[in-house]
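Biologist: I have a structure open here and would like to go through it with you. Can you take my questions as they come?

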Amino acid sequence: MDVKALLFDFDGLIVDTETPEFTVWRETYEAHGHSLPIHTWAACIGTIGGFDPVADLQRLTDGHIHDEILERMVARSGALLDAEGLRPGIAALLAEADAAGIPRAIVSSSDQEWIGQNLGRLGAADGWAAIICAEGNVARAKPRPTMYLEALGVLGVAAQDALAFEDSPNGIAAAQAAGIRCIAVPNSVTVSLDLGSADHVLPTLDGFSLGVLDHIAGL
């Protein structure tokens, strides 16, 4: 496969921001006598909306979730996130793309500020040809292909010449709706979800190289 651009999801793919968030919400549900199944939570992974845990837990607890509880959750999630680095194999793949002169972009349903903060703390803010975000706009968010199509236009690359890396069903759907082949790399939260619609699924990017693409079925 001759790749002319690499397109990366951010949350859960470059940095596992999803496990800290789900962990804190699951703990909060359990502290109030309820459970939060991963397949319920999955509706909000990689998109905007889909599932509102605040409204859901307010309903389950008759409105007993106060701002103080939410503030403690934010602090706990932030502490867990601070312990997260780049996911295995990401740094090497970015370096390989740069050495080969292949442009790389981020395509995310999150916003620029969030992504910039996390890339900055990990020393990974440089080298991106574009960072395309939803910025809170549901109409742009995955699983719609809008942002992937925008990324292709910015990079001047045809869909068949790009390769996307995603970790969730919403992300996979967005990439494929834009006509882009997609490799799924689940994290500890999305590993239990059905990612079979991706063109290929890798358990990790650790040890992955662009040189093996021609030998991967589906690509």
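Modeller: Start with the aromatics: F8, W128, F165 and F208 form one aromatic cluster. Keep in mind that this is a predicted model.

Biologist: How many aromatic pairs are there in the whole structure?
Modeller: A search of the whole structure gives six. Take F8 and W128: their ring centres are 5.9 Å apart and the planes stand at 80 degrees, so this pair is edge-to-face. The cut-off for that label is over 60 degrees.

Biologist: Where do F8 and W128 sit in the chain?
Modeller: F8 is in strand β1, residues 5-8, and W128 is in the loop between α6 (112-121) and β3 (130-133). Those parts are 120 residues apart in sequence, so the pair ties them together.

Biologist: Buried or exposed, those two?
Modeller: F8 is buried, and W128 is buried as well. W128 also has a charge by its ring: the charged end of R104 sits over the ring, 4.5 Å from its centre.

Biologist: Which residue does R104 pair with in the sheet?
Modeller: R104 in β2 is the bridge partner of L6. Strand β2 covers residues 104-108 and runs parallel to β1, with three bridges joining them.

Biologist: And on the β4 side, what stands opposite F8?
Modeller: F165 in β4 does. β1 and β4 run parallel and are joined by four bridges. Both faces of β1 are covered, with A5 and L7 buried on one side and L6 and F8 buried on the other.

Biologist: What is the strand order of the sheet?
Modeller: β3-β2-β1-β4-β5-β6, an open sheet of six strands with parallel pairing. β3 and β6 are the edge strands, each pairing on one side only.

Biologist: How many bridges are there between β4 and β5?
Modeller: Four, between β4 at residues 162-166 and β5 at residues 181-184, and the two strands are parallel. One of the partnerships is A164 with C182 in β5. Between the strands the chain passes through helix α8, residues 169-177, and this β-α-β crossover is right-handed.

Biologist: What about β5 and β6, how many bridges there?
Modeller: Two, again in the parallel sense, with β6 at residues 200-201. A184 has V201 in β6 as its bridge partner.

Biologist: Changing topic to pockets. What volume does the largest one have?
Modeller: The largest pocket comes out at about 890 Å³. It is lined by 32 residues, and the closest to its centre are D11, E21, W41, S110 and W114.

Biologist: Which helix gives the most to that lining?
Modeller: α4 does, with six residues. At least two residues each come from α1, α3 (53-60) and α4 (67-82).

Biologist: Back to W41. What kind of pair does W41 make with F22, and why?
Modeller: The rings of F22 and W41 have centres 5.7 Å apart and planes at 45 degrees, so the pair counts as tilted. F22 belongs to helix α1 (residues 18-31) and W41 to helix α2 (residues 38-41), so by position the two are 19 residues apart and the pair links distant parts of the chain.

Biologist: Are F22 and W41 buried or exposed?
Modeller: Both are buried.

Key
Residues numbered from 1 in each chain as written. Predicted model: local features only at pLDDT ≥ 70, side-chain atom pairs only at ≥ 80, totals over all residues. Heavy atoms only, no water. Pairing = 2+ DSSP bridges. Right-handed = clockwise from strand over helix to strand, strands pointing away. Phe/Tyr/Trp six-rings, centres within 6.5 Å; stacked < 30°, edge-to-face > 60°. Buried < 20%, exposed > 50% of the residue type's maximum accessible area, 1.4 Å probe, protein only. Lys NZ or Arg CZ within 6 Å of the ring centre and 35° of its normal. 1 Å grid on protein atoms, 1.4 Å probe; cavity = no way out; pocket = protein on both sides within 12 Å on 5 of 7 lines; lining within 4 Å. Points joined across faces, edges and corners; volume = space filled by probe spheres on them.
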